[in-house]
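Reader: Could you walk me through this model, starting with its core and then its largest pocket?

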Amino acid sequence: MTSELRLQPPAASAIAAHPCFTGLPPPDTDDFDSLCRFCEDHRVAVLASLPWVAAEVAGLSGFDAMLRLVLRHGGRRLYLPRGRVACSDRLEVPLDPATHRRLLDRASAAGTIEIPSAWGVFVGLRRVAIRAAVRAGRSQREVAQAFGVTERHLRREADSIHLSERARASDN
């Protein structure tokens, strides 16, 4: 599935600052590390863009753990064992006690959680990167080509950014 998410080389070179939008890379690669750094650099926006399970894991155990989780189990419902070690083994991601407790507290009555799909996480991260590129002043043409969106879409994103910034300014 990751290869389906990859951009063609000319577009990829246009977004060198945002490697996460060439697709979700496999763990233990330079691209994976770059994606984790991008997520840390845009922490608040990224956490806000993620489904709750991904946001909980990323917020408490890090983006590395969250990305590994969605790449391995995305789109599935999984049972969470009560024991932290057994749960970490089941998810194939080390969980600290706080993350384990939060997931158990929000699990269904049957003790399951739904792991968001890698595609859903990718779309959220991609939107954060598009907004970051727009805020950084990149040309609409460059951003549109790099992310495979229309310039009309980018105008809507820019309008949305300006509206949210005005709302924040009026709240202060």
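Reader: Which residues touch the most other members of the largest nonpolar core?

Author: Happy to help! This is a predicted model, where local features need pLDDT of at least 70, side-chain atom pairs count only at pLDDT 80 or more, and totals for chains, interfaces and linings use all residues. Residues are numbered from 1 along each chain as its sequence is written, and side-chain values use heavy atoms, leaving out hydrogens and water. A nonpolar core is a set of buried (under 20% relative accessible area, 1.4 Å probe, protein chains only) Ala, Val, Leu, Ile, Met, Phe, Trp, Tyr and Cys residues joined through side-chain atoms within 4.5 Å. Among the 43 residues of the largest one, those touching the most other members are Leu50, Met66, Leu67 and Leu125.

Reader: Which helix gives the most to this core?

Author: Helices here are DSSP runs (H or I, at least four residues), numbered from the N terminus. Several supply at least two core residues each, including α3 (30-41) and α5 (52-61). The top contributor, with eight residues, is α9.

Reader: And which helix gives the most to the lining of the largest pocket?

Author: A pocket is an open set of points on a 1 Å grid where a 1.4 Å probe fits, with protein on both sides within 12 Å along at least five of seven lines; lining residues have an atom within 4 Å of a point. At least two lining residues come from each of α4 (43-49), α9 (118-135) and α11 (151-171). With six residues, the main supplier is α9.

Reader: Is Ser88 buried or exposed?

Author: Ser88 sits in helix α7. Its relative accessible area is 11%, so Ser88 is buried.

Terms used
Buried means under 20% relative accessible area, exposed over 50%, partly exposed in between (1.4 Å probe, protein chains only).
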